[in-house]
Amino acid sequence: MLMTLVLPGSAQLVSGNRRVGLLAVRTWLVLLALGATALVTSYFWHGVAFWAGTDTTFLLVLRVALIGLAVAWAYLFVDAWRLGQPLTLQRQHRLAIVGVNGLLCFSVAGALLFGAHMVGVQRQFIVSMFGDGAAVDAHQGRYNVLLMGGDSGAGRWGLRPDSMTVASIDAETGKTVLISLPRNMQNFPFAEGSVMDEQFPNGFDAEGQYLNGLATWALDHAELFEGSKNPGVDATVMGVEGITGLEVNYWAMVNLEGFKDLVDAVGGVELNVRQPIPVGLPHEKTFHYIEPGVRTLGGHDTLWFARAREGSDDYSRMARQKCVMGAMLQQVSPQVALTNFEEIAGASSAMVSTDIPRGEVDRFVDLALKARNQKIATLSLVPPMINTANPDIELVQQKVAAAIARAEGQKPVVETVEAADAPAVEAPAADADDSVAPAAPATSSAPPSAPTTPTPPPAVTGGSLGSLSTGYAANQSEDLGAVC
C-alpha cells in the first residue's frame, strides 16, 4: 500500500498483474511530466495558467480526468491490500491494515474528487458569468470596459445604473485609469452614427432624463435596438462613448446588493474611514455608524460605506466608491482568491453580468494582476470641473485624453493647449557663463524669512477627502491609494 501511495502501479509490477502495474506506472510518470512542464511553463509564462483556468473545454477534460484518476487509484489501493495477503495476518493486524487501507483510499480519492469538484465550480463560474461572443481588439492600445452598478430588486435590476465608471486599461502593462461619469449628467451627445445619435441628434435632451435613465428609455423603445439582448446597456454604452470620446470594448453590470457577498467571501476589505458613516436607516434596529479609523469592513458595511448619502453628495459617494474599487484590487490576492474560491465564484456569478467573452478572461486576469502592482489614476467628470447639467464635451474629452496620456507617461495634449493659450512671458537673456557659474551664496544681510503659517488639515465631506467646491481627491488623482 505504501508503494501504491508513492508510485501507483509498483505493487502490481512486483507481485500482481504486471500489465495493470505497467499501465499505472506509465500513466503516473506521464502525469508527473505534464505537471512539472505545466508548472515551469506557467512560472515563466503566466498566460498558460490563466488559459488553463478559464478554458471551459480544458476544464471539462481535467474534471473527467481527476474523477477517473480517483477511481483508478482507489482500485490500486484495494488491489495492493489483496496482494499483501491480509488473511495470513493476525486479527488485530488485519483490522489495522484494513483501517490504513481505507484511510489511504478515502484520503487520496477524496482529495482528487474534491479537486474535480473545484474544477467544476470554476467551469460553471466561467460558463454562467461570461459570454460566448467574439473578442474585440484593443483601441489605441487600451481596453475600455464600462463598469455599471445597479440596485437589485423588482423593476430596478439592470434598468437604472447608479454608478458608471470606464476602466481604461493599457493592453500591455495593465496601467488603469478609472473615469467616472455622474448619473445626473444631461444634454450629452451619443456615439456618432449610433441608434441613439439618430434619435437625439442634438444630444440627450429628453425632459427630466439623465444619463442613468438611458437604460429605461431604451427598454421602453426596444424596437429600435433590433437583435440586441441588452438594449438598456447598449444605449448607455452609446452615451458613454459620446461623452468620453472612447470606444467601449466590453461592459459589466454589478448587482450592488450581491457585492456584499463578494466582500464577505474574501474576508472583508480594509478601508480608511475619515468620518462616521451611517449604516442603514435611523428607524432600523441595526442602524449604526462606521467609526473613523482604518477598519476592516464586512460586505454589509462596505456597501454602505460606498453608498451612504447622509451628510454627503453624489460626488463624494463616487470618491468613496473609487476607494472601495481600489482597495479590492489591491487586497484580493491570488492566495486569498484560491483560499475562498468557491465562495467567491458563487458570489460573483450572482453579482456580475458581462459581455466579456470566455476566451478573453485569461487576458483580463493577467492585466488585473499587473494592475495590482501599479498606481491607479482616476478622473471624474463632476463639478467644479464639469457642469453636469450642460457639460462642455470638448473639455470632457480633453480631460479624458490627458488622464490617459499621463497614465502612459506622455505629456497630455490638453496641457499643451492650455500652455499655448497662456500669454507668453519673455525671459531675460542669459550670459554665456550662466550654465556653469555657481549660484551666489546668500548674504547675512538678507532679511529673515517670515514665519510660516501651519497648513490646515485637509477638508473632509461625507467621508471623502475634499469638498464639493474644491473637488474630491479620489475623483482626480494619479495615485488612488494615496488619497483614500
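Which helix gives the most to the nonpolar patch? That would be helix 1, with 3 residues. Keep in mind that this is a predicted model.

**The patch on the surface**

The patch covers about 540 Å² and is built from Leu-2, Leu-5, Val-6, Leu-7, Leu-29 and Leu-32. Helix 1 spans 2-6, and helix 3 spans 18-44; each of them puts at least two residues into the patch. Take Leu-32 as an example: this residue sits in helix 3. With a relative accessible area of 43%, Leu-32 counts as partly exposed, because that label covers values between 20% and 50%.

**The space inside**

Now for the interior. How many cavities of 30 Å³ or more does the structure hold? There is 1, and the largest cavity has about 80 Å³ of space in it. Its lining includes Asn-272, Arg-274, Phe-305, Ala-319, Arg-320 and Cys-323. Further along the chain, Gly-463, Ser-464, Leu-465, Ala-474, Val-483 and Cys-484 line the largest cavity too.

Helix 12 (314-331) and strand 12 (464-467) each bring at least two residues to that lining. Helix 12 has the largest share, at 3 residues.

Here's how the lining of the largest cavity splits up by class:

| Class | Residues in the lining |
|---|---|
| Nonpolar | 7 residues |
| Polar | 3 residues |
| Charged | 2 residues |

So much for the two spots: a nonpolar patch of about 540 Å² on the surface, and a cavity of about 80 Å³ lined by residues such as Phe-305 and Val-483.

Notes
Residues numbered from 1 in each chain as written. Predicted model: local features only at pLDDT ≥ 70, side-chain atom pairs only at ≥ 80, totals over all residues. Heavy atoms only, no water. Patch = residues over 30% accessible without salt bridge, like charges linked within 9 Å, V, L, I, M, F, W, Y side chains within 5 Å. Areas by Shrake-Rupley, 256 points an atom, 1.4 Å probe, with all protein chains shown as cover. Salt bridge = Lys/Arg side-chain N within 4 Å of Asp/Glu carboxyl O. Helix = DSSP H or I, 4+ residues; strand = E, 2+ residues; numbered from the N terminus. Buried < 20%, exposed > 50% of the residue type's maximum accessible area, 1.4 Å probe, protein only. 1 Å grid on protein atoms, 1.4 Å probe; cavity = no way out; pocket = protein on both sides within 12 Å on 5 of 7 lines; lining within 4 Å. Points joined across faces, edges and corners; volume = space filled by probe spheres on them. Nonpolar A, V, L, I, M, F, W, Y, C, P; charged D, E, K, R; others polar.
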